[in-house]
Each structure stands twice: as C-alpha cells, then as structure tokens.
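I opened this entry to note what I looked up about packed rings, nonpolar cores and a charged side chain. I write each finding down in the order in which I checked it.

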Amino acid sequence: MAKLVQDGDVFTPDHLFVSGSIPVLTKGITLIAGTNAKRGAIIIADASTGKGEVADKAKVDHKLVGILTDDVNAESDTIATVYITGHFNRDALSCVSSTTYKDYEEEMKKLGMYLDTVKGGN
C-alpha cells in the first residue's frame, strides 16, 4: 500500500499509508494558484469557490477534502488528486506551520480517513 519513491534503482516506501485495511478512494480537486505542497498534505477547500489549498485551521470557512496523493507546485489553478478514504500515518501528514493533523483528525474519521502511527518510525 505504500507508495514507492524511486531514487535511481533504489525503491523506498514513504510510509503515508499504515495499512490497506480500509479501502482507498480518490477524487480530483482544483488547487488554487500558488499551492506548493508535498504528497501527504491535508487539503481543505473554500466553501464558496470549492478550490483547495493546504490545511490552515485559521480558515474556518473551508472544509476538509482529503490528503494529497502527489507533490504539487501549482503556478496557476491546477487539478490535483486527493485520497478521501484510507488508513494513514499521522506522522507523514502536513499542513501550514500553525496547523497540525490534530486540528482535523475527528473530521477525517467522519469522512473515512483514519490515522495511526507507524511503529518503529519512518
């Protein structure tokens, strides 16, 4: 279930997923211009435009959408893919600096995104 990151001929898991015990579903979302995020970023969407960006708890008019599947550097509005269900490693998730996965964990459970910690570290 782990995505493999290729560095030459060496493949190493990135530990975003804890297990495959929960079905993994994805969907597309338009990210706003200027979004620069890594795989594993929690994505929220503006309630009025539906456009997404990296999670920021200060944006109370935004709703949780999912977890970014791939790195994105959006110079203009860009369609990206997010996981909307699955069993994820909380230590592999990211948000803006003033925000953590803890700000979204309960909401994530309601949507079918469950968090755990990979034993033994990354």
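**Rings, cores and a buried charge**

I looked up F17 and F88 to begin with, and both are buried; I keep in mind that this is a predicted model.

I then searched the whole structure for aromatic pairs and found 3 of them. In one of them, the ring centres of F17 and Y83 are 4.9 Å apart and the planes stand at 80°, which is over the 60 degrees needed, so I noted this pair as edge-to-face. Because F17 sits in strand β3 (residues 17–19) and Y83 in strand β10 (residues 78–83), the pair ties together parts that are 66 residues apart in sequence. F17 has a relative accessible area of 6%, and Y83, at 11%, also counts as buried.

For F17 and F88 I read 5.0 Å between the ring centres and 35° between the planes, so this pair is tilted. F88 belongs to strand β11 (residues 86–89), and the pair links parts of the chain 71 residues apart. Ring pairs thus join F17, Y83 and F88 into a cluster.

Next I turned to the largest nonpolar core, which has 17 residues, and F88 and I67 are among those with the most contacts inside it. Strands β6, β8 (62–68) and β12 (113–116) each give two or more residues to this core. A second, separate core of 13 residues includes A41, V72, A74 and V82.

Last, I asked which side chain of opposite charge is nearest to D46. It is K59, 7.4 Å away, and D46 is buried yet has no salt bridge. D46 lies in strand β6 (residues 42–46), and a polar atom of the D46 side chain lies 3.1 Å from the backbone nitrogen of T49.

Notes: Residues numbered from 1 in each chain as written. Predicted model: local features only at pLDDT ≥ 70, side-chain atom pairs only at ≥ 80, totals over all residues. Heavy atoms only, no water. Helix = DSSP H or I, 4+ residues; strand = E, 2+ residues; numbered from the N terminus. Buried < 20%, exposed > 50% of the residue type's maximum accessible area, 1.4 Å probe, protein only. Lys, Arg positive; Asp, Glu negative; His and termini not counted. Salt bridge = Lys/Arg side-chain N within 4 Å of Asp/Glu carboxyl O. Polar contact = N/O pair within 3.5 Å; in protein donor to acceptor, adjacent residues only side chain to side chain. Core = buried A, V, L, I, M, F, W, Y, C linked by side-chain atoms within 4.5 Å. Phe/Tyr/Trp six-rings, centres within 6.5 Å; stacked < 30°, edge-to-face > 60°.
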